[in-house]
Amino acid sequence: MTTDLWEYRPGSHPAADLALTGYEVHATDGPVGRVVEDAGDHLLVDAGPWVPGTRVLVPAGLIARLDHLDHAVHLDCPRARLSSAPPVAVDLTAPLPR
C-alpha cells in the first residue's frame with residue numbers, strides 16, 4: 001500500500017475543527033520545531049530550535065501520529081529527510097503567530 005505524501009494517513013488526521021498551529025513537531029531523531037501554519041495537506045514548521053532562522057514544509061503524509069494532549073506532531077522520518085527538502089519561500093521577517 002502506498003501513501004500519497006500530501007494526504008494524511010488513516011488515523012493521523014486531526015479533527016475537522018482542530019488546527020495544528022502551535023503544536024511541537026518531533027522527527028524520529030529529535031525535535032524539529034513548532035507548527036506556524038496548518039495548510040491541510042502540509043504543515044509549515046518554524047525549525048528555529050533545530051536550524052535557526054529556517055522554516056520547513058512537512059507534507060501530511062509524513063505524520064505518523066498526533067498527540068492532542070501534549071500538542072505534538074510525531075513524524076515517521078529523521079530530521080535529515082526534512083533538511084533535504086527545497087527551501088520554503090516565505091518572509092522570515094514576518095512575526096510568528098503566538
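Which residue is the bridge partner of R34 in β3? The partner is D46. That pairing is one small piece of a sheet, and the rest of this report walks through the sheet and what surrounds it. One thing to keep in mind from the start: this is a predicted model.

**The overall picture**

The chain has 98 residues, and 35% of them count as buried. Its secondary structure comes to six strands and one helix. If you read along the sequence, you meet them in the pattern β-β-β-β-β-β-α. Take the contacts between residues at least 6 apart in sequence: 47% of these join residues at least 24 apart. As for the outside, the chain exposes about 5800 Å², with carbon and sulfur atoms supplying 56% of that area.

**The sheet**

Six strands form an open sheet, and they line up in the order β4-β3-β2-β1-β6-β5, with mixed pairing. At the edges stand β4 and β5; each has a single partner strand, so one side of each is left without a neighbour in the sheet. On average, neighbouring strands here are turned by 35 degrees against each other, direction ignored. In general, strands of a sheet pair through backbone hydrogen bonds, either parallel or antiparallel.

Here are four of the pairings:

| Strands | Sense | Bridges |
|---|---|---|
| β1 and β2 | antiparallel | four bridges |
| β2 and β3 | antiparallel | four bridges |
| β1 and β6 | parallel | three bridges |
| β5 and β6 | antiparallel | four bridges |

Now for some individual residues. A hairpin joins β1 to β2 through two residues, and V25 has G33 as its bridge partner in β2. The strand β1 also has two faces: V25 and A27 are on the covered one, while E24 and H26 are on the uncovered one.

Over in β6, A72 is a handy landmark. E24 stands opposite A72, and D67 stands opposite A72 as well. From β6, A72 and H74 point one way and V73 and L75 point the other way, and all of them are buried. Just before that strand comes another hairpin, formed by β5 and β6 with four residues between them. In its turn, H71 has a positive phi of about 50 degrees.

**The core**

Which residues have the most contacts inside the largest nonpolar core? They are L43, V45, V58, V73 and L75, in a core of 20 residues. The elements giving two or more residues to this core are β1 (24-27), β2 (30-38), β3 (42-46), β4, β5 and β6 (72-75).

L43 makes a good example. Beyond its neighbours within four places in sequence, L43 is in contact with residues including Y8, L20, V35, V58, I63 and V73. The list also takes in E37 and D38.

**A buried loop residue**

Is A60 buried or exposed? A60 counts as buried because its relative accessibility is 0%. This residue is found in the loop between β4 (55-59) and β5 (63-67). What does A60 touch, leaving aside neighbours within four places in sequence? A60 is in contact with L5, W6, E7 and Y8, and also with G40, D41 and H42. Of these, G40 is 20 residues away from A60 along the chain, yet their C-alpha atoms are separated by 7.6 Å.

Notes:
Residues are numbered from 1 along each chain as its sequence is written. This is a predicted model: local features need pLDDT of at least 70, side-chain atom pairs count only at pLDDT 80 or more; totals for chains, interfaces and linings use all residues. Side-chain values use heavy atoms; hydrogens and water are left out. Buried means under 20% relative accessible area, exposed over 50%, partly exposed in between (1.4 Å probe, protein chains only). Contact means heavy atoms within 4.5 Å. Accessible areas come from the Shrake-Rupley method with a 1.4 Å probe; for residues, only the protein chains shown count as cover. A nonpolar core is a set of buried Ala, Val, Leu, Ile, Met, Phe, Trp, Tyr and Cys residues joined through side-chain atoms within 4.5 Å. Two strands pair if DSSP finds at least two bridges between them. Axes are lines fitted to C-alpha atoms, for helices over the stretch in contact, and angles run from 0 to 180 degrees between N-to-C directions.
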